[in-house]
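This report introduces the aromatic pairs and the nonpolar cores of one protein structure. Please consult the sequence and the model while reading.

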Amino acid sequence: MTELAAVKAALRTQAVETPSWAYGNSGTRFKVFAQAGVPRDPFEKLDDAAKVHEFTGVAPTVALHIPWDRVEDYAALAAHAEKRGVRIGAINSNTFQDDDYKLGSICHPDAAVRRKAVDHLLECVDIMDATGSRDLKLWFADGTNYPGQDDMRSRQDRLAEGLAEVYERLGEGQRMLLEYKLFEPAFYTTDVPDWGTAYAHCLKLGEKAQVVVDTGHHAPGTNIEFIVATLLREGKLGGFDFNSRFYADDDLMVGAADPFQLFRIMYEVVRGGGFTSDVAFMLDQCHNIEAKIPAIIRSVMNVQEATAKALLVDGSALAAAQASGDVLGANAVLMDAYDTDVRPLLREVREESGLDPEPLKAYRASGWGEKVVAERVGGQQAGWGA
């Protein structure tokens, strides 16, 4: 197989999970903006997600968020997904939108609140069983605002205890993915603020517990590709959430702020074997002012382009330059790949896979956007908290 053929073959195996909540209404901390045609329930979210996969060919799974996507019959929801040509992906818990969680959830000083939070996580595992999902995705808003508000070490003990109970409930082939975030909404301490804290808890829990890296959850200037490389080396990178940010949040389309960073990350993913392993790659974005489905299609394409460039890095030339101490030569090898226009290559890959070479144009020509605007009249649109 030629080098180019190998790159094409790798690109055809790529999978990017889309999140159900990205198809609903979202906005800033001040206003949620409604759009016509937005889904009104999880079934309609899956219908939209299926369109993204139909035109990109690399978005076969859809993450759910509980309770936002709660239904009476999860097996029926999974069957609906299969009928549309997609599958249910990660089950994301929500322990941050209830009044009881003002002082935390799984780390709360009150045992009754901790019990409520853990029971919710166990419910999410039940939903995994019903939908055939592999991954339980955990992000906690737990933390404190003031020095002395609570004991930091005790909160870590509570976190470990709760995670251990949920870990023991996982079935064969199921995983726990622990996400971290530098800050927000807590302003003094965050209970899972960085990859080191997440890694320490996952290491103690066992093989089924792995770390999730989210592009927007770091301090400015953090070398995210180093974190990715390290976790891959340790076999503890379980998931990667794609998005982009300019300041301190993670709501923008992947590659919007720093496409070169995305390329550097994807190079470390390829270099570390993450592209062909069990790492779950997912978009985690809010599309506030742009149309939902086109934005998600564009985001998937951005990931494809960064991946294609990463696959084109001349590994032999790079290793030789590194071994000889050729600093500029080594950097030039990476830059040559990054500067390559891979759009023609990706058009070829899509055509060879029986897809339209231009996903966005094909989606707009399909009339789906106009169809859902006309049909989804009445009812309550899905969005943050619904």
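How many aromatic pairs does a search of the whole structure find? In this predicted model, the search yields nine aromatic pairs. A pair of aromatic rings is described by the distance of the centres and the angle of the planes. Two of the pairs are set out below.

| Aromatic pair | Centre to centre | Angle between planes | Arrangement |
|---|---|---|---|
| Phe96 and Trp139 | 5.3 Å | 65 degrees | edge-to-face |
| Phe263 and Tyr338 | 5.3 Å | 45 degrees | tilted |

**The pair of Phe96 and Trp139**

The planes of Phe96 and Trp139 stand at 65 degrees, so this pair is classed as edge-to-face. It links distant parts of the chain, 43 residues apart. Phe96 belongs to the loop between β5 (87-92) and α4 (111-131), whereas Trp139 belongs to the loop between β6 (135-138) and β7 (143-144). Phe96 has a relative accessible area of 27% and is therefore partly exposed. Trp139, at 17% relative accessibility, counts as buried. Ring pairs also join both residues with Trp68 in a cluster.

**The pair of Phe263 and Tyr338**

The tilted pair of Phe263 and Tyr338 likewise links distant parts of the chain, here 75 residues apart. Phe263 is located in helix α8 (residues 259-271) and Tyr338 in helix α11 (residues 327-338). Phe263 counts as buried at 1% relative accessibility, and Tyr338 counts as buried at 18%. Tyr338 has a further partner: Lys309 lies over the face of its ring, at 4.5 Å from the ring centre. A similar arrangement involves Tyr101, where Lys116 lies over the face at 5.4 Å from the ring centre.

**The nonpolar cores**

In soluble globular proteins, nonpolar side chains tend to be buried together. Which residues have the most contacts inside the largest nonpolar core of this model? They are Phe140, Leu163, Val213, Val228 and Phe242, in a core of 97 residues. Helix α9 (residues 292-311) supplies the largest share of this core, namely ten residues. A second, separate core has five residues, including Trp21, Ala63, Ala90 and Met282.

Phe242 illustrates how residues of the chain meet. Leaving aside neighbours within four places in sequence, Phe242 is in contact with Thr215, Val254, Leu262, Met266 and Val303, among others. The contacts of Phe242 also include Phe281, Met282, Leu283, Asp284 and Gln285. Met282 thus appears both among the contacts of Phe242 and in the second core.

Definitions and conventions: Residues are numbered from 1 along each chain as its sequence is written. This is a predicted model: local features need pLDDT of at least 70, side-chain atom pairs count only at pLDDT 80 or more; totals for chains, interfaces and linings use all residues. Side-chain values use heavy atoms; hydrogens and water are left out. A nonpolar core is a set of buried Ala, Val, Leu, Ile, Met, Phe, Trp, Tyr and Cys residues joined through side-chain atoms within 4.5 Å. Buried means under 20% relative accessible area, exposed over 50%, partly exposed in between (1.4 Å probe, protein chains only). Helices (H or I, at least four residues) and strands (E, at least two) are DSSP runs, numbered from the N terminus. Contact means heavy atoms within 4.5 Å. Rings of Phe, Tyr and Trp (its six-membered ring) pair if their centres lie within 6.5 Å; planes under 30 degrees apart count as stacked, over 60 as edge-to-face and the rest as tilted. A charge sits over a ring if NZ of Lys or CZ of Arg is within 6 Å of the ring centre and within 35 degrees of the ring normal.
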